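Hi,

Here is the structure for you to look through. My notes on one helix and on the cysteines follow below it.

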Amino acid sequence: MQLPYSDEIEIQSLGRLFDNTSECYKFFWFQALVTKVLEGKETITYEELINEMIADAWYMVTEYHLNLGPKDTLERLVNDISEISGMKPCEKKGAILDFVRHCTDKGVMQKKRTLTYNVPYRLQAPFMENIKGKAWNVSESSLISAINREKRLMYYFTALKGMQTEIQMQPEWTEYIFKNQDVLKGWLKYNMIVYLQKRNPSVPGIADKLQPPLERKLDKVQKYWKLLLTLEPVHEIYGDEIVTERDISIDHFVPWSYVAHDEFWNLHPTTKSINSSKSNYLPNWNLYFPKLCRLEYFSYVMMNRYDGVKDAFEKCAKEHLNSSEIRGRMYKSGLSMPEFSGVLEEVVQPVYQSAKTCGFRSWVYAAEDKDGGMVTNG
């Protein structure tokens, strides 16, 4: 992606910002810089930037279970804060920022400080020809002094004061960021996707996992299952409860947080409370996949028996069945229950196992506990 030209800044050096990236920090530091500049700030503390990095990484780590890098401090910091705070993976960004601003946990504070040791200085390396090799291996204060003597940088430093050290954005850079913010965000997103895909080679939908989870539109799928409810009773798979029109909720068997799609074969009805309990856990395979097969085969039989159900299925398929190969195998007429289940298992099991490998934990619904269930490692 070509960055917009400017007479004031070195575009070629800017374009090399992420050339040598073995960890994720540069992406999040630069993203935090852009966010703060767009908020109107020109003087920004390390504390503010690190807090922004934590909030931006929150969803990738807690909701989507992405690997940010080998022994990544930011990833470990987010996991620590998640455990200490009890905040949900889908927590609002404002609440995350508020917690980390006021958190006094010693481990959290130490990791936040660790994040400042390299990235504030190394980010601008492409602009600094006079600092190379061993010149980087000096104290922070000496490095700040050396960097502050360089010309045409994005920002410079005040005296070292730990997390209250300030950076001063330069006016020409502030103007460039404001003027070209959409292109810069797209460029940053592209580079981050490339980096994260290398770190998470088996994870689908990386591009959809750089921001908080969005509300999915499953109206057609819900209408389809509501139609089935009018023809025969439908029992959901986790608590064997009868699904009603007023209490229906569409669940992703393998969590959306992993698959990042709304394919029909991974969707089924349950109740609102059970779906809330399940959250983004993996249903125990041995307990629930056979039940999923029976429910999906019931749907398959009904769509081949009733023209109205078939029409509703076709409307769903336009948005929620994007593989012609899967459709040809799973929804062709004349399949027996074992044949249908075999195809469904071939499609779902690899995705399920991959999600499990990525850290999504197994879940069993506890009927006596309407607010949750048992989460296991099995």
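The buried residues of α17 are a good place to start: Phe-340, Ser-341, Val-343, Leu-344, Val-347, Val-348, Tyr-352, Ser-354 and Ala-355. Keep in mind that this is a predicted model. Those buried residues pack against several other elements. The helical partners are α12 (256-259), α14 (285-305) and α16 (324-330). The strands are β6 (282-283) and β7 (362-365).

Now the helix itself. α17 covers residues 337-357, which is 21 residues. At 1.5 Å a residue, α17 should span 30 Å. Its end C-alpha atoms lie 29 Å apart, so the two values agree. There is a kink in α17 of about 30° at Val-348. The proline Pro-350 comes shortly after that kink. Val-348 is also on the buried list. After α17 comes Gly-359, with a positive phi near 110°.

Next, the cysteines. How many disulfides does a search of the whole structure find? Zero. Two cysteines show why. A disulfide needs the two sulfur atoms within 2.5 Å. For Cys-24, the closest cysteine sulfur is in Cys-358, 17 Å away, so a bond is ruled out by distance. For Cys-316, the closest is in Cys-293, at 19 Å, which is also too far for a bond.

Are these two buried or exposed? Cys-24 is buried, with a relative accessible area of 1%. Cys-316 is buried too, at 0%.

Best wishes

How values were computed:
Residues are numbered from 1 along each chain as its sequence is written. This is a predicted model: local features need pLDDT of at least 70, side-chain atom pairs count only at pLDDT 80 or more; totals for chains, interfaces and linings use all residues. Side-chain values use heavy atoms; hydrogens and water are left out. Helices (H or I, at least four residues) and strands (E, at least two) are DSSP runs, numbered from the N terminus. The expected span of a helix is 1.5 Å times one less than its number of residues. The bend at a residue is the angle between axes fitted to the seven residues ending there and the seven starting there. Buried means under 20% relative accessible area, exposed over 50%, partly exposed in between (1.4 Å probe, protein chains only). Contact means heavy atoms within 4.5 Å.
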